[in-house]
Amino acid sequence: QMQLVESGGGLVQPGGSLRLSCAASGFTLDNYAIGWIRQAPGKGREGVSCITNRGTSTNYADSVKGRFTVSRDNAKNTVYLQMNSLKPEDTAVYYCAAGRNGRVCTEDYRGKGTLVTVSS
């Protein structure tokens, strides 16, 4: 069974950091572009970042640019989202999604998400 599982969420104070992980089982990630998407309570979904299959290209939403960094370790079948200088408005459920077109972030597979809460 092909699955994506996010982990690393939790409660953090403003200005703090978290690292989210997106691990795949049942398939290998190295052919897939991986996107991170978030949904805040009562709000719509927002694409946060995208990394291509070889990790040669990344992009970020303006709201997180300079604070978040996406990376991947294909040997570990895992993609990471390092989140620094967190703000209360970063509070959301964060999902990772895998796209079969290795250079475009589509949601052919998506995990169940991990909750990030930024609060003092």
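## Two disulfides

A disulfide joins Cys22 to Cys96, with the sulfurs 2.1 Å apart. Keep in mind as you look around that this is a predicted model. The bond connects distant parts of the chain: Cys22 sits in strand β3 and Cys96 in strand β9, 74 residues apart. The link of Cys22 and Cys96 is right-handed, with 75 degrees about the S-S bond, and both cysteines are buried.

A search of the whole structure finds 2 disulfides. Cys50 and Cys105 form a disulfide too, with an S to S distance of 1.9 Å. The torsion about the S-S bond of Cys50 and Cys105 is about 90 degrees, so this disulfide is right-handed. Cys50 belongs to strand β5 while Cys105 lies in the loop between β9 and β10 (109-110), so the pair ties together parts 55 residues apart in sequence. Cys50 counts as buried because its relative accessibility is 10%; Cys105, at 29%, counts as partly exposed. Counting bonded cysteines along the chain, the disulfides follow the pattern 1-3, 2-4.

## The nonpolar core

Now to the interior. In soluble globular proteins, nonpolar side chains tend to be buried together. Here the largest nonpolar core has 28 residues, and Trp36, Leu81, Met83 and Tyr94 touch the most other members. Strands β3 (18-25), β4 (33-39), β5 (45-51), β7, β8 (78-83), β9 (92-99) and β11 (114-118) each supply at least two residues of this core.

Tyr94 is a good residue to centre your view on. Leaving aside neighbours within four places in sequence, Tyr94 is in contact with a set of residues that includes Leu20, Trp36, Val48, Phe68, Leu81, Met83 and Val116. Glu6, Arg38 and Thr114 are also among the contacts of Tyr94.

## A buried arginine

Which side chain of opposite charge is nearest to Arg72? That is Asp30, 6.7 Å away; Arg72 is buried yet has no salt bridge. Since a salt bridge calls for a side-chain nitrogen within 4 Å of a carboxyl oxygen, the Asp30 distance of 6.7 Å does not qualify.

Arg72 lies in strand β7 (residues 68-73), and its side chain does reach backbone oxygens. The side chain of Arg72 comes to 2.7 Å from the backbone oxygen of Leu29. A polar atom of the Arg72 side chain also lies 2.7 Å from the backbone oxygen of Thr52. Not counting residues up to four places away in sequence, Arg72 touches Leu29, Asp30, Tyr32, Ala33, Ile34, Ile51, Thr52, Asn53, Arg54, Gly55, Thr78 and Val79.

Methods
Residues numbered from 1 in each chain as written. Predicted model: local features only at pLDDT ≥ 70, side-chain atom pairs only at ≥ 80, totals over all residues. Heavy atoms only, no water. Helix = DSSP H or I, 4+ residues; strand = E, 2+ residues; numbered from the N terminus. Buried < 20%, exposed > 50% of the residue type's maximum accessible area, 1.4 Å probe, protein only. Lys, Arg positive; Asp, Glu negative; His and termini not counted. Polar contact = N/O pair within 3.5 Å; in protein donor to acceptor, adjacent residues only side chain to side chain. Contact = heavy atoms within 4.5 Å. Core = buried A, V, L, I, M, F, W, Y, C linked by side-chain atoms within 4.5 Å. Disulfide = S-S within 2.5 Å.
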